[in-house]
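The exercises below are meant to be worked with the sequence and the coordinates open. Each task is followed by a solution in steps.

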Amino acid sequence: MIAKISWPNHNITSAACRWIGIYKDRKKSRKMSAFIEETKSLLPRIAFIACGCFSPPTPMHLRMFEIARDHFEMQGTHRVVGGIISPTHDSYGKKGLASSLDRCAMVKLATQSSNWIRLSDWEVHQNQWMRTQAVLQHHQNYINNHINSGGPGGDDEQDTHLAGWLPRGLHESRDPVRLKLLCGGDLLESFAVPGLWAEADIEDIVANHGLVVITRAGSNPGKFIFDSDILTKYQNNITLITNWVPNEVSSSLIRRLLGRGQSVKYLLDDLVLEYIKRQRLFNFKSKYITDAVRPNHLLFNHAYTDNNQNASSYSVSDQLEQDMDESDTPSPQLQHTATSRVFCCGEATLRGSKMQRSGPGQAVQVITMQADEKEESQAKKKKISQVQL
Ligand SMILES: Nc1ncnc2c1ncn2[C@@H]1O[C@H](COP(=O)(O)OP(=O)(O)OP(=O)(O)O)[C@@H](O)[C@H]1O
Ligand SMILES: NC(=O)c1ccc[n+]([C@@H]2O[C@H](COP(=O)(O)O)[C@@H](O)[C@H]2O)c1
């Protein structure tokens with residue numbers, strides 16, 4: 001009797017072949033993605049810095065970074081290694097500017113969900129407002145020094161002395177990183193406001209750093225560049241990016257809505273909104289907060305605005321760092337405590353406080369009596385004049 005040899009069933013054979021095919025394909029695609037990664041790592045490295053008030057930071061401020069990174073990645077021309085948000089100094093004095101401490105805290109909260117956009121508080125720590133060119137130069141120099149100071153393989157994450165805004169992994173190579181100014185079309189157009197920008201600064205920014213401009217309703221950056229000789233001369237260094245998903249949310253819009261007591265939910269990061277509420281920023285109540293009645297934890301900022309008169313009596317950076325940490329996780333310390341000196345009409349009167357009411361419809365300014373007489377007299381000196389509602 002002839003034994004019947006039974007071959008593996010046809011389906012099994014073809015399945016095996018398919019698996020081998022898939023295995024080969026995977027190997028190929030792994031090789032391919034390794035190749036793409038390698039090619040990417042050869043691209044020139046860039047980082048973005050956005051200068052502004054961020055009072056408060058909006059989702060569009062962060063979208064600018066994402067839009068810009070997408071653009072360069074899709075063009076395949078550069079590798080984006082980091083994003084920096086640099087709030088302007090308190091003495092910039094723009095209407096609606098919250099204290100730098102609050103603006104930095106809000107930026108920190110807003111960037112919590114990003115793994116590449118970071119806050120730089122260097123600008124707010126200076127003795128005075130800094131021109132944007134100087135801000136760019138400082139950050140560029142810091143990056144250059146950092147790259148030149150260590151060989152590839154240096155462990156940035158372990159280095160606690162590094163500025164918090166510094167993009168990580170810069171030591172992967174010795175290739176330079178060019179820091180570009182990231183802005184909206186309106187900021188570009190402010191170059192034409194007489195006396196606002198020095199021509200030499202504009203030239204330095206476009207010639208030596210580079211500008212990345214995101215379109216914004218109400219501005220026409222393409223035409224603006226065409227109309228300017230300097231910008232046209234250096235237009236190779238200007239990247240104009242159309243934002244196809246525009247969102248006209250702005251800090252001033254947020255402030256206006258809050259001032260009217262209207263909702264800004266879904267227009268702002270929830271953490272930022274929570275902070276605004278907690279610190280009573282921008283709403284009608286906060287209108288009556290002056291330096292004199294500022295909570296203790298904001299005192300470092302007081303020293304700034306007083307031209308650093310008191311700055312030497314305590315460490316500004318220590319204080320900021322401490323407050324920044326507080327902002328990361330809501331802390332009862334940020335709530336008004338018994339020592340808080342801020343409250344306003346409609347609120348329960350705190351113990352030991354004095355109310356000054358002069359008539360219906362008028363704002364009430366309340367100053368909590370201080371144990372310390374000296375502090376009280378300072379507070380009184382700066383007391384808010386009555387405001388007609
Ligand atoms: N909706 C937006 N689209 C494009 N760019 C924006 C938008 N909002 C802000 N920017 C850009 O963000 C940067 C920081 O701006 P800034 O903090 O002054 O914000 P802002 O919302 O324009 O403030 P404000 O409303 O107080 O004038 C600027 O370069 C500005 O052009
Ligand atoms: N000459 C300058 O360098 C110059 C002039 C005006 C504004 N800025 C900067 O532009 C940013 C945005 O300012 P605005 O919110 O006023 O548009 C801020 O960071 C501010 O410091 C720089």
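Helices and strands here are DSSP runs, with at least four residues in state H or I for a helix and at least two in state E for a strand, numbered from the N terminus. The model is predicted.

**Exercise 1. Describe the chain as a whole.**

Step 1. Count the elements: the chain has 13 helices and eight strands.

Step 2. Take the burial: 45% of the 389 residues are buried, with under 20% relative accessible area as the cut-off.

Step 3. Take the surface: about 21,800 Å² is exposed, and carbon and sulfur atoms supply 53% of this area.

Step 4. Take the contacts: of those between residues at least 6 apart in sequence, 72% join residues at least 24 apart.

**Exercise 2. Find which elements build the largest nonpolar core, and place Ile 276 in its surroundings.**

Step 1. The largest nonpolar core holds 40 residues, and Phe 48, Phe 65, Leu 182 and Ile 276 have the most contacts inside it.

Step 2. Elements that give two or more residues to this core include strand 1 (45-52), helix 2 (59-75), helix 3 (100-110) and helix 10 (270-279). Helix 2 gives the most, with seven residues.

Step 3. Leaving out residues up to four places away in sequence, Ile 276 touches Pro 56, Met 106, Leu 258, Leu 268, Leu 281 and Phe 282.

Step 4. A second, separate core has 36 residues, among them Ile 84, Leu 179, Phe 224 and Ile 238.

**Exercise 3. Decide whether helix 3 is enclosed or open.**

Step 1. List the buried residues of helix 3: Ser 100, Leu 101, Asp 102, Arg 103, Cys 104, Ala 105, Met 106, Val 107, Leu 109 and Ala 110.

Step 2. Ten of its eleven residues are buried, so helix 3 is largely enclosed by the rest of the structure.

**Exercise 4. Characterise the largest pocket and its lining.**

Step 1. The space in the largest pocket is about 970 Å³.

Step 2. Its lining has 39 residues, of which Gly 52, Cys 53, Lys 94, Asp 186 and Leu 187 are the closest to the centre.

Step 3. Strand 1, helix 2, strand 4 (177-184), helix 5 (185-189) and helix 9 each give two or more residues to the lining.

Step 4. By residue class, the lining divides into 17 nonpolar, 14 polar and eight charged.

**Exercise 5. Examine the backbone in the loop between strand 1 and helix 2, then compare Tyr 266.**

Step 1. Recall the background: most residues other than glycine have a negative phi, and most peptide bonds are trans.

Step 2. Phe 54, in the loop between strand 1 and helix 2, has a positive phi near 55 degrees. Phe 54 is buried, with a relative accessible area of 3%.

Step 3. Pro 56 lies in the loop between strand 1 and helix 2. The peptide bond that joins Ser 55 and Pro 56 is cis, with omega about 5 degrees.

Step 4. Tyr 266, in the loop between helix 9 and helix 10, has a positive phi near 75 degrees. Tyr 266 is exposed, with a relative accessible area of 72%.

**Exercise 6. Trace what covers helix 6 and what lies at its two sides in sequence.**

Step 1. Buried residues of helix 6 include Asp 201, Ile 202, Ile 205 and Val 206.

Step 2. The cover over its buried residues includes helix 4 (132-149), strand 4, strand 5, helix 8 (229-233) and strand 6 (238-241).

Step 3. Gly 195 is in the loop between helix 5 and helix 6 (199-209), and Gly 195 is exposed at 81% relative accessible area.

Step 4. Gly 210 follows helix 6 and has a positive phi, near 120 degrees.

Terms used: Residues are numbered from 1 along each chain as its sequence is written. Chains are lettered from A and ligands numbered from 1 in the order in which they are written. This is a predicted model: local features need pLDDT of at least 70, side-chain atom pairs count only at pLDDT 80 or more; totals for chains, interfaces and linings use all residues. Side-chain values use heavy atoms; hydrogens and water are left out. A nonpolar core is a set of buried Ala, Val, Leu, Ile, Met, Phe, Trp, Tyr and Cys residues joined through side-chain atoms within 4.5 Å. Buried means under 20% relative accessible area, exposed over 50%, partly exposed in between (1.4 Å probe, protein chains only). Contact means heavy atoms within 4.5 Å. On a 1 Å grid over the protein atoms alone, a cavity is a set of points where a 1.4 Å probe fits but cannot get out, and a pocket is an open set with protein on both sides within 12 Å along at least five of seven lines; lining residues have an atom within 4 Å of a point. Grid points are joined across faces, edges and corners, and a volume is the space filled by probe spheres set on the points. Ala, Val, Leu, Ile, Met, Phe, Trp, Tyr, Cys and Pro count as nonpolar, Asp, Glu, Lys and Arg as charged, and the others, Gly among them, as polar. Accessible areas come from the Shrake-Rupley method with a 1.4 Å probe; for residues, only the protein chains shown count as cover.
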